[in-house]
Amino acid sequence: MIIDTHAHLDMLNDPKLAIEEALSVGVKKIIIPGVEPDTFEKVLDLAHKYENVYAQLGVHPSEAQKFNDDIAKKIIELAQDKKVVAIGEIGLDYYWDKTFVDIQKRVFKTQIEIANMLNLPIVVHDREAHKDTFDILEQMGAKKVLMHCFSGSLEFALECIKKGWFIALGGVVTFKNAKKVREVALKIPLENIMLETDTPYLTPHPHRGEENAPKYIIFTAKEIANLKDTALSEVENITSKNAIKFFSLEESQSESTV
């Protein structure tokens, strides 16, 4: 069994096909992250329509200027749904636009407070903002943290692991020039790793250039197994156990099936 902890199924033209193809290659559970308030209902609808699909709710840092008290209340209300297993993806992104960093930080902190209040895990988007991200998570007392699409150094990964946080690895680990991510995959324990695709982005080799899909997560799992010189089944089993425990997936129930 493999679990895709981060796939934007709501961005695909045919989510049903993507889910069916994923199931056919052993991807048994998929989690859809929230990005902006306008998509929350769509994400939840997909989670309820398919038994093996779950949802996160959060406002992405690039959308932080849309955040307000009404959105915070909406997240709190919708997160009562049993198919919502985390607050995310939330965090900081200094790659695209640094003109509203203070707003990003404020919105990040507010959403961590919501997660803490609801006792839900946090899925963190951190792009070129490693120190500020780490400092805010530490300051806010965040405990159950998954670092989505990890792009930091081995040293940063080890600091995160010391805090008990998890590292999510996706298709980038299959890129031969992604030296930092590949070193992280090699040297940190499987017990601290989860798998993701970030569908429809970051498609792994040998499908780079195509739209990503949960079915391609197998290439990430195989590459991690190769780097660690271990069995693919070991990677699948341990990362899935990590995800099931972290997101309390065994406790989540759906109202309908595929």
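How many nonpolar, polar and charged residues does the lining of the largest pocket have? Let's work up to that together.

Before we start: this is a predicted model, where local features need pLDDT of at least 70, side-chain atom pairs count only at pLDDT 80 or more, and totals for chains, interfaces and linings use all residues. Residues are numbered from 1 along each chain as its sequence is written, and side-chain values use heavy atoms, with hydrogens and water left out.

**Exercise 1. Describe the largest pocket and its lining.**

Step 1. Get the term straight: on a 1 Å grid over the protein atoms alone, a pocket is an open set of points with protein on both sides within 12 Å along at least five of seven lines, a cavity is a set where a 1.4 Å probe fits but cannot get out, and lining residues have an atom within 4 Å of a point.

Step 2. Take the volume, which is the space filled by probe spheres set on points joined across faces, edges and corners. The largest pocket holds about 660 Å³.

Step 3. Look at the walls. The lining has 26 residues, and His-125, Arg-127, Cys-149, Asp-198 and Leu-202 lie nearest the centre. Strands S4 and S5 and helix H7 (179-187) each give two or more residues; helices (H or I, at least four residues) and strands (E, at least two) are DSSP runs, numbered from the N terminus. The largest share, three residues, comes from S5.

Step 4. Sort by class. Ala, Val, Leu, Ile, Met, Phe, Trp, Tyr, Cys and Pro count as nonpolar, Asp, Glu, Lys and Arg as charged, and the others, Gly among them, as polar. That gives eleven nonpolar, seven polar and eight charged residues for this lining.

**Exercise 2. Place strand S4 among its neighbours.**

Step 1. Check burial, which means under 20% relative accessible area (exposed is over 50%, partly exposed in between; 1.4 Å probe, protein chains only). Ten of the ten residues of S4 (residues 84-93) are buried, so the strand is largely enclosed by the rest of the structure.

Step 2. Find the partners; two strands pair if DSSP finds at least two bridges between them. S3 (residues 53-57) runs parallel to S4, joined by three bridges, and Gln-56 stands opposite Ala-86. With S5 (residues 122-127), S4 pairs in the parallel sense over five bridges; here Leu-92 has Asp-126 as its bridge partner.

Step 3. Follow the chain from S4 through helix H4 (residues 101-118) to S5: this β-α-β crossover is right-handed. In other words, with the strands pointing away from the viewer, the path from the first strand over the helix to the second runs clockwise.

Step 4. Inspect the backbone. Gly-88 and Glu-89 are joined by a cis peptide bond, with omega about 0 degrees, and Glu-89 belongs to S4.

**Exercise 3. Follow Cys-149.**

Step 1. Look for a disulfide, a pair of cysteine sulfur atoms within 2.5 Å. The structure holds zero disulfides, and the cysteine sulfur nearest to that of Cys-149, in Cys-160, is 14 Å away.

Step 2. Compare accessibility. Cys-149 is partly exposed at 24% relative accessibility, whereas Cys-160 is buried at 0%.

Step 3. Turn to the largest cavity, which has about 70 Å³ of space. Cys-149 is among the residues closest to its centre, together with Leu-169, Gly-170, Val-172 and Glu-196.
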